[in-house]
Structure formats: structure tokens, C-alpha cells
Amino acid sequence: MNRAVGLAAVLSLAAIGLMKAEPAKAGVEKLYILNCGEGTAGDISRWSPGVNEGKSMDFVDNCYLIKHSQGWFLWDTGIPDAVADMANGLAPADPRSVTWHRPKKLAAQLEQLGVKPSDVKAMAVSHTHPDHIGNVEMFPNAMLYVQKAEYEWPGANGAPRFKAEHPVTRLEGDHDVFGDGSIVVLSTPGHTPGHQSLLVKLPKTGEVILSGDAVHFKANWDNRGVPANNVSKEQTLASMQKIADRLSKDHAQLWINHDKAQRDSLKMSPEFYD
Ligand SMILES: [Zn+2]
């Protein structure tokens, strides 16, 4: 081995050593937006009383898979995967509401990323409407972060909202999931008693707030429109203000879960945000 080659070898070994010594970056590494449903609302005035009566509108439904240095975290689980096998989709009881389809299964999108359901260590859902909790039990061992007010909200005929055996952390307000400020559950009640949103701090993209259904589409955000079916108009407006304050304080972006126009402008999995 001549001296120059020998030196280069030593230097490259040293470089590898340095790379190995560098600790994995703490916090959130990346975020994938997954397609968790697409549908058509029969009458969007259901979400904006008095506005656009009788007009239909396309809705989307996202799940968000986040890679944190301590493990995978899933925000919302969307329409049940079984709907992907229904030729006509899932029709609502109220024709003004949304007929949902599932162009892609959640399981297939995880598989495409090489993520097994058992790799998801923690999860949270914005609230317990069926378009958000459809696949919670695909992750029976993942710690579920949910507001106590939502967890204890009786379902139809007093049924529980979640399986009793699912590991759960019942929250009463905001919660910093990994203690480093990178994934923070924000209590935003109003749509349901224990509705919550999620603040995510990405290394390059910056801060993003995932709305859940604190607001359904941009026009409602701009006009502070409150759906007639929300459990509390006052709480909904206060929650929107809380999000608005956080957006301006932290220069964060708001990603509105059901807003198709916005989603169409965002990168979908397997592309990601870092
Ligand atoms: Zn929803």
C-alpha cells in the first residue's frame, strides 16, 4: 500500500468513525401524509350553516405518520380499511354528509414505507368520529393519547369509544408527547367534547399544526364557520382562536385535514416532509 492510499484509508476510516459517533438527531425526523379516505359531501352547508346550501363538495381524509427519534407516531387512522373493498363506498345516514371511499388502504401505505403496525409505538386521534378512528385496532399495542373528555364521552347506547384493553393515556389539556416539544397534542374542544389537534416541529419545514376537525376547510377557517353538528360553538371558536394564536406566535402552518384543495398542494406519501 503506498503512503497516499494508506493515508486516505486511515482518513476515510476516521470519517466513518465520526459518522458513527454522531448521535441520532433527537426529535421529529420526518412526516408522511397518508391517504385515509376521499369522499363527497352531499351539502356543505352542514358544515357552514346558511352558506353554500345544497352544494356538494369533495372531502379528503388524511392520516399522518411521524418518525420521531423515539419511534413511529401516528396521528388519526381515517376511514376503516374495509371500505376500500366496498364498490360503492360508505354512504352516510344523512345524505348531506360525506360518502366515503378508500382509494388506498392504510395497511398498504405503511407496507410501502416498510413500517409494520407493531412499529407504531404511539398514536393519537383528533376525535372519535368514524372517519378518524377507523383503524385504531390495527395498532392494539400502541399507546393512545386521547382527551379524558373524549374517552369518557358515551357513544351510541352508552357504548365505550375505545376497547378497554387498548393502552391509553387520558389527557386533560395540552400534552408534549416525547417531552422535547416536537409533538404536542393541543386540546381544541368544540367539534366534540375532547377534540384535539397536533403541533409537529419538523427540522426543515418548521412547525405545522394538524387541524383534526377543529376546522374542516379553509373557507370555514377564514370566516370562522362552525358546523351545526358541533357540540359547542363557543368552544369551537375558542379553539380556532387558540390555533390562530399559536400559528402567529410560532410562525406555524395550518394543515386542514379535510380540505382537498390544500391536500392537493401537499406532498403525499411516499414523499415526506422533514
Ligand atoms: Zn372528520
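Here is a short conversation about a predicted model, its zinc site, its sheets and its cores.

Visitor: Which residues coordinate the zinc ion?
Guide: Let's begin with the spacing of the donor residues in sequence, which is D-H-x80-D-x44-H. Their donor atoms sit at 2.1 to 2.2 Å from the zinc ion. The donors are Asp131 (OD), His132 (NE2), Asp213 (OD) and His258 (NE2).

Visitor: Why is the arrangement around the zinc ion tetrahedral or irregular?
Guide: Four donors count as tetrahedral if all angles lie between 85 and 135 degrees. Here the 4 donor atoms subtend angles of 88 to 167 degrees, so the arrangement is irregular.

Visitor: Are aspartate 131 and histidine 132 buried or exposed?
Guide: Both residues belong to the group that coordinates the zinc ion. A residue is called buried when its relative accessible area is under 20%. Aspartate 131 and histidine 132 are both buried.

Visitor: Which strands stand at the edges of the sheet of 7 strands?
Guide: This open sheet has mixed pairing and follows the order β4-β1-β2-β3-β5-β6-β7. The strands at its edges each have a single partner, so one side of each is left without a neighbour in the sheet. They are β4 (98-101) and β7 (168-171).

Visitor: What is the bridge partner of threonine 40 in β4?
Guide: Strands β1 and β4 run antiparallel and are joined by 4 bridges. Threonine 40 has its bridge partner in β4, and that partner is threonine 99.

Visitor: Is histidine 101 buried or partly exposed?
Guide: Histidine 101 has its place in strand β4. Leaving out residues up to four places away in sequence, histidine 101 touches Gly37, Glu38, Val83, Asn88 and Gly89. Because its relative accessibility is 34%, histidine 101 counts as partly exposed.

Visitor: How far apart in space are histidine 101 and valine 200?
Guide: In sequence, 99 residues separate histidine 101 and valine 200. From C-alpha to C-alpha, the distance in space is 28 Å.

Visitor: Which are the edge strands in the sheet of 5 strands?
Guide: The order of this open sheet is β8-β9-β10-β11-β12, with mixed pairing. Inside that order, β9 and β10 run antiparallel and are joined by 5 bridges. Each edge strand pairs on one side only, and the two are β8 (175-176) and β12 (253-255).

Visitor: At about what angle does helix α6 run to β11?
Guide: Helix α6 covers residues 233-250. The helix lies across β9, β10, β11 and β12. Its angle to β11 is about 170 degrees.

Visitor: Why does glutamate 207 count as buried or exposed?
Guide: Glutamate 207 is found in strand β11. Beyond its neighbours within four places in sequence, glutamate 207 is in contact with Leu199, Val200, Lys201, Asp250, Ala252 and Gln253. Its relative accessibility is 11%, so glutamate 207 counts as buried.

Visitor: Which residues have the most contacts inside the largest nonpolar core?
Guide: In soluble globular proteins, nonpolar side chains tend to be buried together. The largest nonpolar core here has 23 residues, and strands supplying at least two of them include β2 (57-68), β3 (71-75) and β10 (196-202). The residues with the most contacts inside this core are Phe73, Leu198 and Trp255.

Visitor: How many residues are in the second, separate core?
Guide: Among the members of this second core are Leu106, Leu110, Met123 and Tyr151. The count for this core is 21 residues.

Conventions:
Residues are numbered from 1 along each chain as its sequence is written. This is a predicted model: local features need pLDDT of at least 70, side-chain atom pairs count only at pLDDT 80 or more; totals for chains, interfaces and linings use all residues. Side-chain values use heavy atoms; hydrogens and water are left out. Donors are N, O and S atoms within 2.8 Å of the metal (3.2 Å for Na, K and Ca); water is not among the atoms, so sites may look incomplete. Four donors count as tetrahedral if all angles lie between 85 and 135 degrees; four count as square planar and six as octahedral if opposite donors are over 155 degrees apart and all others between 65 and 115; anything else is irregular. Buried means under 20% relative accessible area, exposed over 50%, partly exposed in between (1.4 Å probe, protein chains only). A nonpolar core is a set of buried Ala, Val, Leu, Ile, Met, Phe, Trp, Tyr and Cys residues joined through side-chain atoms within 4.5 Å. Two strands pair if DSSP finds at least two bridges between them. Contact means heavy atoms within 4.5 Å. Axes are lines fitted to C-alpha atoms, for helices over the stretch in contact, and angles run from 0 to 180 degrees between N-to-C directions.
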